[in-house]
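Let's take a walk through this fold, one region at a time. Keep the 3D view open and rotate as you read.

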Amino acid sequence: MKIMVNGVPHETDAGRDDPVVDVLRDGLGLTGAKAACRTGVCGACTIAVDGTPQASCLLPAAAVEGRAVTTAEGLDHPVQRAFAAHDGLQCGYCTPGFVVEAAAFVDAWRAEHGDVAPPRDRIAAALAGHLCRCGAYGGIYAAVEAACRGEHDGQATAPARVEAMEKITGRARYTTDVRLDGQLEGAIIRSTRAHARITSVEVGHAHVVDLLPPDRIVRYAGQPIAAVAAPTRQEVLAIAGAARIGYEPLPAALDDAPDAPPVYDEQSRKRAPSASEGMTLPGGWNGNVRGPFSGASRRSRTAVNRIEAARRRADPLLVTGTFSTAVQVHTPLEPHACVARWDERGDLHLYLSTQTVALAAEQAAKRWKLDASRVHVVADHVGGGFGAKAGITVEAVAAVELARLCRAPVRVVLSRAEELTDAGSRPGSRTRIALLAGGGGELSALAMDMHGRGGVAIGSSAALLARLMYGTAPRRLRDFDIVTNEPPGTPFRGPGAPPMLWALEQAVDEMAHRLDEDPIALRRRWDGNPKRHALYDWAAALPAWRDRPRTGSRSGRFRRGVGVAAANWVYLIAPATKVELEVEGDTVVARTATQDIGTGARTVIAGVLAEELGLPVNRIRVEIGRSGFVPGPPALGSRTTASVAPAARDAARLLRAQGLRPGTKVVGRRRGDRGGYLTPFPVNGMALGRGFSGAVHVTEVEVDTRLGTIRPLRVWGGLAAGRIYAERPARNQCEGGIIQGIGYALYEERRTDPVTGTVLTAGLDDYRIPGIGDTPEMTIHFHQDGWEHVNGHGVGLGEVSTVGVAASVANAVHNATGWRPHDLPIRPDRLLEGISR
């Protein structure tokens, strides 16, 4: 078959029914079109066929025979320069598809309308078939508008992040793009039962490895059983699909009923996975309930006594309620992926989509009993993670074991269904809260019982984070796990904070109404953090806040409302972080064993070096994503920038002192803060610093009381995290946090079959994440004071920028309708039922 791709004729032996995305990637070695969903929903595989954008995952090869195919690699278009200048990307995995679609739209718009910007709704309609899990939609809007105005027809302007053009042109190499000589494809065989003992595995194929735990019991539908390998994806999927698994059924616990059958016995509980960042809190077991952990409480008996006395006297200043949240799935657009190779020396090489390059190498060395110097982890570019890609996960185990068995490199890439089932999720929750104010309006007591539902995982702690909000009033905080035969929860961007704030910030909002006090003023009065005081003052001065309607005063079908929520997050650091600099010719090369998942680590390092050394950015090259480099931080817990930026500055000053002579090499380190850390001995390479970052989000929504839909119109995000090293990527990350918070509030809900435990939302057409049309207008305000004691004067933004957003949406809905949401997401059926009462 002959096809023309990017102006070059090719002959391919692909079958006429083979998806074009596979022909381009596997047959021609092009990496711009990404097979992220394979159902035509996400847009990552978009190409142009005779100038018309098409989803290449649904397009058979026969459909492009004799036609002109253009991928992102073949474009040279103003929209690409606009995406780079306006930072219309983060991890970049979805970006080539966006660019191909946007280029066609820009050309058509300018041909019809001239060099004027289109309205937002026209851009949203044109790009509706594309998803960006990072939420870089604000920059995408700006880029398309600027390209339509003709602002990028000439030479390229400085990109907002150093690797922008690699991602925009499709040249950036992700783990799913790796193809080695002799490489085989691997696939995982998974359980179809929620609880069973595996009695037999018949594959009829020599290349199979066992992935079962020692007791041979599967505890959720989708749990890995075995892995197989074959030369092609089609072959390995056929082998995995034909596998015959023998099951001895066991009773399954698919709800939280007190008489549900046990998920674990006393011995197997010790192997329960963790839904936290490896620091599962202690707690006893009572059937499938674990806990409570109440160690974060303060004067708990006083809190309970005050609340019970208030109940008896029917105190109107006692706010109580039960709030629930659904399971939210990470679903980064680049699925979990690993290519494993054993070399002739017995060294292990892993190309891994990971947030923890160094930790993955350490865990691999321990698991396969190798010296650390013999494990080599590579993560050039990572297509998102949000907490799910930490350490050695099952795709890596499968790839490594298959590679050893087959004596050949093996690639294992999870399907979208696997990603939505078993690759990571924020546990669901049910929270009972009681909030009491005293006669003078002061916070008198707080009680919070939070039951996390993380499937077979434990440690979904959240109530303890309420210890860190609103002063030192007495409080009883108890965390429980409800264990079920469902896929395990894992840490997700601000673990525990969004469900805790969903309850707490709505209770505080309700208290403001009962006290007849401005909700921002009440928060400011209760909150002793001076950094957040500055944010409250900023938010209170917003015209949208000053002019908000009286709660419940609106009538008619469409009702607008404005809500607010506050948040904080701990300051985490990786104290061992180092940055090595080497002068190569007229270029300074920086190296550290960290990774960039879209947050801008390369750009932060390059910016610090350019400032300290007085060099243009084009004379600086940042090399990351290699475990053999000097120690770097994981992309977890908002610790990357606060770790690498001071280390880069230290290295730059050492180099400047020695002179920028070719061959000069120095190593800078992340030196300590004034006053030290709260954890003088780092745990898992992480230390807890002094102070909390802060956020205040003000959200305006429009509620359609006929259809039950909620449309976020505008969001103002105030962030107190100190110095901002790379302004546009930082703003982009905070905007993306707002988008993910809106998804949590309104759309995202993993659902399982109540009888079989099978995940039903196994595609991006079933599990909805926000698209560009769901994006409100966003304003980000950075308060940069208050972190002078920190080396570098700045801390992380990733968590604090998103954890309070859902609560601000709920408070806006209450302001618009007078109805208080209690269950998340705020689905149309829930809203219509609520406002009809």
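A quick word before we set off: what you're looking at is a predicted model. A good place to start is a little open sheet of three strands, which pair antiparallel in the order 9-7-11. Strand 9 (217-218) and strand 11 (244-249) sit at the edges, each pairing on one side only. Zoom in on strand 7 (residues 196-202) and you'll find two bridges joining it to strand 9, with the two strands running antiparallel. If you want a residue to hang on to here, try A196, which stands opposite V218 in strand 9.

Now move along to strand 22 (residues 443-453), which has neighbours to look at in both senses. On the antiparallel side of things, ten bridges join strand 22 to strand 21 (residues 428-437). One of the pairs to look for is R430 with its bridge partner H451 in strand 22. Strands 21 and 22 form a hairpin with five residues between the strands, and in that hairpin G441 takes a positive phi near 85°. Then there's strand 23 (residues 475-482), which pairs with strand 22 in the parallel sense over seven bridges. Here M450 has D479 of strand 23 as its bridge partner. Strand 22 is mostly covered, too: ten of its eleven residues are buried.

That brings us to the packing. As a rule, nonpolar side chains in soluble globular proteins tend to be buried together. In this model the largest nonpolar core has 139 residues, and the members touching the most others are F83, V144, L435, Y470, M500, L504 and W526. Helix 12 (residues 497-514) gives the most to this core, with ten residues. Take L435 as a way in: beyond its close sequence neighbours, L435 is in contact with a list of residues that includes L317, L318 and V319, as well as L443, A445 and L446. The contacts of L435 also include A507, V508 and M511, plus W526. There's a second, separate core as well, made of 38 residues, among them L184, A361, W368 and V400.

W526 is a handy bridge to the next stop, since W526 is one of the buried residues of helix 13 (residues 519-526). The others buried in helix 13 are P519, I520, L522 and R523. Why do these buried residues of helix 13 end up on the same side? They cover an arc of only 160° around the axis, so they share one side of helix 13. Look at the N-terminal end of helix 13 and you'll see D518 capping it, with a side-chain oxygen 2.7 Å from the backbone nitrogen of I520. I520 also points us to helix 14 (residues 530-540), where D537 lies. The C-alpha atoms of D537 and I520 are separated by 8.5 Å, though the two residues are 17 apart along the chain. D537 itself is partly exposed, with a relative accessible area of 41%.

Next, a loop worth a close look. N288 lies between strand 12 (285-286) and strand 13 (289-293). Is N288 buried or exposed? It counts as buried, because its relative accessibility is 11%. A polar atom of the N288 side chain lies 2.9 Å from the backbone nitrogen of V263. Leaving aside neighbours within four places in sequence, N288 is in contact with A253, A260, P261, P262, V263, D481, I482 and V483.

Further along the chain, T640 is found in helix 17 (residues 640-658). T640 is buried too, at 9% relative accessibility. With neighbours within four places in sequence left out, T640 is in contact with T594, A601, P633, P634 and A635.

Last, the cysteines. How many disulfides does the model have? The count comes to zero. C57 is in no disulfide: the nearest cysteine sulfur, from C45, is 3.7 Å away, and the cut-off for a disulfide is within 2.5 Å. C57 counts as buried, at 9% relative accessibility. C338 is in no disulfide either, with the nearest cysteine sulfur, that of C406, 14 Å away. C338 is buried as well, with a relative accessible area of 0%.

Conventions
Residues are numbered from 1 along each chain as its sequence is written. This is a predicted model: local features need pLDDT of at least 70, side-chain atom pairs count only at pLDDT 80 or more; totals for chains, interfaces and linings use all residues. Side-chain values use heavy atoms; hydrogens and water are left out. Buried means under 20% relative accessible area, exposed over 50%, partly exposed in between (1.4 Å probe, protein chains only). Two strands pair if DSSP finds at least two bridges between them. Helices (H or I, at least four residues) and strands (E, at least two) are DSSP runs, numbered from the N terminus. The arc is that of the directions from the helix axis to the C-beta atoms. A polar contact is a pair of N or O atoms within 3.5 Å; within protein, one must be able to donate a hydrogen and the other to accept it, and residues adjacent in sequence count only if both atoms are side-chain atoms. A nonpolar core is a set of buried Ala, Val, Leu, Ile, Met, Phe, Trp, Tyr and Cys residues joined through side-chain atoms within 4.5 Å. Contact means heavy atoms within 4.5 Å.
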